[in-house]
Amino acid sequence: MSIQNKPLQRRGFLRGALATAVLLPLGGALASCAGGGDSGASKAPAGEVDPIKNPFGVADSGKLDAVIFKGGYGIDYVEFAGKTFAKNFPGVEVSINPSTDIAQELQPRFAGGTPPDLIDNSGAKSIGFSTILGQLEDLQSVVDSNNLEGTKIADTLFDGVLAPGTFDGKLAAINYVLTVYAWWHSASLFKENGWTVPTTWDEAYELGVKAKEKGKYLFVWGKEAATYYQTMAIESAIKEGGDEVRLALENLKPDCWSLPAVQSVFTAMEKIVKAGFFKPGGSGTVFTAAQAAWSNGQEALLYPSGSWIENEMKDQTKAGFEMTGSPVPVVSASPKIAQTGVRSAGGEPFVVPTKGANVAAGKELLRIMLSKDAATNFAKEKLAPTVVKGTVPADGFGSTALVSQTDMLEKAGKDIFTWNFVDTYGMNPDQLVPWNSFLDGKLDTAGLTKALQAITDKVMADDSVKKIEVK
């Protein structure tokens, strides 16, 4: 079974329009979700279809029910689009609700045949796509429609952004945000102390020594986000070992966590943990409090995260912080992928369940979100780009973090990649347990490897979970 991800392979992805988009100034490869199934027939339009004003036939009355993951981007960007929807369809009650646990709240609704009309299936507790693909609408009609400005939506998107959500010819999810993963630091603090962002794990250890001399830590973490360090480790290992590592993890291969590149990264991180360069107590700390210790208290020098971090911590960041992202380190001087390579992926995957009470309204709200006005609003307010082209100015709206994303993508060139097995199979909740223990110093590299492999093997052995081969 193909998941339509050949255009997203590392070599040759940033070509054509997307390569140009990087210079405009932002673009990137997107995450591939996974799954299979038949969504069944869509509901007939309940209202009068108008190709310009009402392409999906939204009824004059009824209710629009949307559930949006409330994470680093909040939900106000969807509420912004919801106001436009309410203006265009005043007889429809618009209900846009936040959720921090999509799986717990919405899996029962899927099972009961009463899912919302639009869902942002995101966050650490999202629903594994392999379990719901057959219950999702094909969103090709959305990208084939015109946006509010009168331009076909498909023509306004960065190249390649639809492939990640396409499975056996069905566009089941549209990722709304382009995310660049990095480790982040205060450029002003580094300048003040004459520090350089490490490019290797040995350099990271040396910076940890310097941080300790200043009464600071190298890293900090919170219990709900311990797997941010897994993301960093995987990215580093893929750069070190290349596609062999990426494909072994994606395809849940036996002993994939024991590959030399993965082990070399884990060993380097264990050395840093044992040296006391992580602020203690992370497994008992709420992740936003831990992040504030970095962004506001400046107790730690580096923090791995996606580019949502700036918006998430905007009210808890020290004045003059100059938040800046850099590519994560490698182990050796000759990695398979250059150290300047980055993971760039689509975030906030929006889906429209087939059994939603108002499918047309769900699609219409998504159409409004993909219009230039709403996409520009998101970029300006969240300091992150959407999949819609031409919404981010070269100065990044004055954001050093957004400008650094541009810089990273430009320097990465062809070396932009991603992986998706964690989200595909909903593995993050289980993986949080060993990562918290590892960062606490209670698990060594061998223990971490054994625990992660056990989680992987369990998914692979579960016949009820559809496996997706990634090539």
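Okay, let's start with the big picture: domain 1, residues 62-177 plus 347-392, and domain 2, residues 200-338 plus 420-460, both give residues to the lining of the largest pocket, so that pocket lies between them. Before I go on, please keep in mind that this is a predicted model.

Let's stay with that pocket for a bit. How much space lies in it? About 1100 Å³. There are 48 residues lining the pocket, and the closest to its centre are Ser122, Gly123, Ala124, Tyr228 and Trp308. If you want to find those on your screen, Tyr228 is where helix α8 begins, since α8 runs 228-241.

Which elements build the wall? The ones that each supply at least two residues to the lining are β6, α8, α11 (287-295), β7 (303-306), β9 (342-351), α16 (421-424) and α17 (428-439). And which of the elements gives the most to this lining? That's β9, with 6 residues. As for chemistry, the lining has 20 nonpolar residues, 20 polar ones and 8 charged ones.

Now the second largest pocket. Its volume is about 410 Å³. It has 22 lining residues, and nearest its centre you'll find Tyr425, Gly426, Met427, Asp430 and Val459. At least two lining residues come from each of α3 (102-111), α4 (129-132), α16, α17 and α18 (445-461). By class, we have 9 nonpolar, 8 polar and 5 charged residues there. And where does this pocket sit relative to the domains? Domain 1 and domain 2 both give residues to its lining, so the second largest pocket lies between them too.

While we're at α3, have a look at Ile102, which is in that helix. Ile102 is buried, with a relative accessible area of 0%; the cut-off for buried is under 20%. Ile102 and Ile127 are 25 residues apart in sequence, and their C-alpha atoms are 6.5 Å apart in space.

For contrast, let's jump to Ala357, in the loop between β9 and α13 (359-369). Buried or exposed? Ala357 has 73% relative accessibility, so it counts as exposed, because exposed means over 50%. The C-alpha atoms of Ala357 and Gly62 are separated by 9.1 Å, although their positions lie 295 residues apart along the chain.

Next up, strand β8, residues 323-326. A bit of background first: in a regular strand the side chains alternate between the two faces of the sheet. In β8, Met323 and Gly325 are on one side, Thr324 and Ser326 are on the other, and they are all buried, so both faces of this strand are covered. What does β8 pair with? Strand β6, residues 174-186, in the antiparallel sense, over 4 bridges. To pick out one contact, Trp183 has Ser326 in β8 as its bridge partner.

Last topic: salt bridges. How many does the structure hold? There are 11, and I'll walk you through three of them.

The first one I picked is Glu322 with Lys191, at 3.4 Å from N to O. Glu322 lies in the loop between α12 (309-312) and β8, while Lys191 is in helix α6 (residues 187-193), so the pair ties together parts that are 131 residues apart in sequence. Glu322 has 33% relative accessibility, so we call it partly exposed. Lys191 is exposed, at 62% relative accessible area.

My next pick is Asp243 with Arg246, at 3.2 Å from N to O. This pair stays within one helix, α9 (residues 243-250), where the two are 3 residues apart, about one turn. Asp243 is partly exposed, at 26%, while Arg246 is buried, at 6%.

And finally, Lys274 with Glu270, whose closest N and O atoms are 3.0 Å apart. Both lie in helix α10 (residues 260-274), 4 residues apart, about one turn of the helix. Lys274 is exposed, with a relative accessible area of 69%, whereas Glu270 is buried, at 12%.

That's what I wanted to show. Thanks for listening!

Terms used:
Residues are numbered from 1 along each chain as its sequence is written. This is a predicted model: local features need pLDDT of at least 70, side-chain atom pairs count only at pLDDT 80 or more; totals for chains, interfaces and linings use all residues. Side-chain values use heavy atoms; hydrogens and water are left out. Buried means under 20% relative accessible area, exposed over 50%, partly exposed in between (1.4 Å probe, protein chains only). Two strands pair if DSSP finds at least two bridges between them. On a 1 Å grid over the protein atoms alone, a cavity is a set of points where a 1.4 Å probe fits but cannot get out, and a pocket is an open set with protein on both sides within 12 Å along at least five of seven lines; lining residues have an atom within 4 Å of a point. Grid points are joined across faces, edges and corners, and a volume is the space filled by probe spheres set on the points. Ala, Val, Leu, Ile, Met, Phe, Trp, Tyr, Cys and Pro count as nonpolar, Asp, Glu, Lys and Arg as charged, and the others, Gly among them, as polar. Domain bounds come from an automatic or database domain assignment. A salt bridge is a side-chain nitrogen of Lys or Arg within 4 Å of a carboxyl oxygen of Asp or Glu.
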